[in-house]
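Subject: Structure for you to look at

Dear colleague,

Here is the structure I said I would pass on. Please open the sequence and the coordinates side by side before reading further.

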Amino acid sequence: MGLFEKLEKLINEHGSANIQEKHIAFIRDELAILKEKFTMITQENSLLKTENQKLTTERDILRQKTKEYEDGISFPSDMVIPIDGKNSQQR
């Protein structure tokens, strides 16, 4: 192996190591960004789960109230609307 080949090999190996270090640095930066995004998404997910639970509870309460009204339980008399559209108390 001549001097030129040895020099070329040294340049290629050094260049490859330099490129490899740049790739590793890039990957580390990307990993840090992804970790930060993961933390933000995890927090958002937690908030959304809490909100979903509250809305589910509210929905269940409203369904129960609707069922009670439909069954005639706790149905206020002033909310009764006669079929003919007239207030039956005015007759």
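Below is what was found, starting with the chain as a whole and then going on to the salt bridges.

Please keep in mind that this is a predicted model.

The overall picture is short to describe. The protein chain has 91 residues, and buried residues make up 0% of them. Its secondary structure comes to 1 helix and 0 strands. The helix, α1, covers residues 3-70. As for the surface, about 8900 Å² of the protein chain is accessible, and carbon and sulfur atoms account for 59% of that area.

Salt bridges were searched for over the whole structure, and the search returned 2.

One of them pairs Arg59 with Asp60, with 2.8 Å between the closest N and O atoms. Arg59 lies in helix α1. The side chains of Arg59 and Asp60 also count as making a polar contact, again at 2.8 Å. Arg59 has a relative accessible area of 39%, and Asp60 has one of 37%. Arg59 is classed as partly exposed because its 39% falls between the 20% and 50% cut-offs. Asp60 is partly exposed too, because 37% lies between those limits.

The other pairs Asp71 with Lys67, and here the closest N and O atoms are 2.8 Å apart. What is the relative accessible area of Asp71? For Asp71 the value is 47%, so this residue is partly exposed. Lys67, at 45% relative accessibility, counts as partly exposed as well. Neither residue is classed as exposed, because that would take a value over 50%.

That is what I have to hand over for now.

Best regards

Conventions:
Residues numbered from 1 in each chain as written. Predicted model: local features only at pLDDT ≥ 70, side-chain atom pairs only at ≥ 80, totals over all residues. Heavy atoms only, no water. Salt bridge = Lys/Arg side-chain N within 4 Å of Asp/Glu carboxyl O. Buried < 20%, exposed > 50% of the residue type's maximum accessible area, 1.4 Å probe, protein only. Helix = DSSP H or I, 4+ residues; strand = E, 2+ residues; numbered from the N terminus. Areas by Shrake-Rupley, 256 points an atom, 1.4 Å probe, with all protein chains shown as cover. Polar contact = N/O pair within 3.5 Å; in protein donor to acceptor, adjacent residues only side chain to side chain.
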